[in-house]
Amino acid sequence: MTTAYLAAEGFADQLQEELRRADAAVIRRHERLFVCDGPALAAAWAANIWHDCIELPVASIGSAAQALRDLQRNWAMYAPLHHRRANLIQERLPHVSAKPIAFPAAAPTAPLGSWTLLAPDRLLTAQRCNSPFANGEVAFVPDKTGPPNRAYLKLWEALVRLGRWPGPGERCLDLGASPGGWTYVIAKLGAQVIAVDKAPLDPKVAAMAGVE
Ligand SMILES: C[S@@+](CC[C@H](N)C(=O)[O-])C[C@H]1O[C@@H](n2cnc3c(N)ncnc32)[C@H](O)[C@@H]1O
């Protein structure tokens, strides 16, 4: 059984160290992707985990696309190398919507596989991946006017991944809340927030209904 771990952008060293400490047997590294022997570990630094990876020899662009289509419909490409060839394969695959999510909304449920070209004539594929998002990256329709900083995106992502967010009648405790990006998200969802910090909240956030 082979599992591949895709490091979050900029965190390949951390993932490599995490895998070393967990005694994972790394068979090969393909830029941010670490291919390992054995079942999946819950790697914190992996943006996506590819389960039960299969290597397939592919003679041509057309046969690579056909091999992927024969396995399933939806595929996300990871192409750190052989970009041109990989893009030509991707063009022959069914379109997968990458529309940004308008929070709050559930994550896509359709199975999304991942593939990469290890070499021009060799595919690595995984039909089952941890993340429902291409390469584990969630794109959102941004809120450019409400929040006081960009921290809201982290909480949006966490809540979408959990598939659950607070609503009216629920109360949250935001420890270290200033300037209030997360408090803004919770209050906007209609829940109550007790925001605690030694620094003040942004006045616009402090004035929101449900913020204490
Ligand atoms: C990275 S900021 C939090 C950003 C916030 N989550 C947001 O969404 O805008 C960390 C905050 O923790 C607060 N903090 C750290 N240690 C604290 C302590 N001992 N008591 C109260 N606040 C603390 C800091 O004042 C700072 O405002």
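This passage describes unusual backbone geometry and the surroundings of the ligand in a predicted model.

Most peptide bonds are trans, and most residues other than glycine have a negative phi. Against this background, two cis peptide bonds and two residues with a positive phi are described here. The peptide bond that leads from Phe103 to Pro104 is cis, its omega being near 0°, and Pro104 itself belongs to the loop that runs between α3 (83–91) and β7 (113–119). A cis peptide bond with omega near 0° is also found from Ser178 to Pro179, where Pro179 is part of the loop between β10 (171–175) and α5 (181–188).

The residues with a positive phi are likewise placed in loops, as described for each in turn. Asp23, which is not a glycine, has a positive phi of about 60°, and its place is in the loop between α1 (12–21) and β2 (25–30). With a relative accessible area of 70%, Asp23 is exposed, because a residue counts as exposed when this value is over 50%. Asn135, also a residue other than glycine, has a positive phi near 55° and lies in the loop that connects β9 (128–129) with α4 (152–162). In contrast to Asp23, which is exposed, Asn135 is buried, with a relative accessible area of 12%, a value that falls under the 20% limit for buried residues.

The ligand is surrounded by Asn149, Ala151, Gly176, Ala177, Ser178, Pro179, Gly180, Gly181, Trp182, Asp197 and Lys198. Ser178 and Pro179, the two residues joined by one of the cis peptide bonds, are thus both found among the residues around the ligand. By residue class, this shell divides into four nonpolar, five polar and two charged residues; the charged members are Asp197 and Lys198, whereas Gly176, Gly180 and Gly181 are among those counted as polar.

Several contacts between the ligand and the protein involve backbone atoms. A backbone N or O atom of Gly181 is placed 2.9 Å from an oxygen atom of the ligand, and a backbone N or O atom of Trp182 likewise lies 2.9 Å from a ligand oxygen atom. In the case of Lys198, a polar backbone atom is found 3.4 Å from a nitrogen atom of the ligand. Of the 600 Å² of accessible area that the ligand has on its own, 53% is covered by the protein.

Definitions and conventions. Residues numbered from 1 in each chain as written. Predicted model: local features only at pLDDT ≥ 70, side-chain atom pairs only at ≥ 80, totals over all residues. Heavy atoms only, no water. Helix = DSSP H or I, 4+ residues; strand = E, 2+ residues; numbered from the N terminus. Buried < 20%, exposed > 50% of the residue type's maximum accessible area, 1.4 Å probe, protein only. Near = heavy atom within 4 Å. Polar contact = N/O pair within 3.5 Å; in protein donor to acceptor, adjacent residues only side chain to side chain. Areas by Shrake-Rupley, 256 points an atom, 1.4 Å probe, with all protein chains shown as cover.
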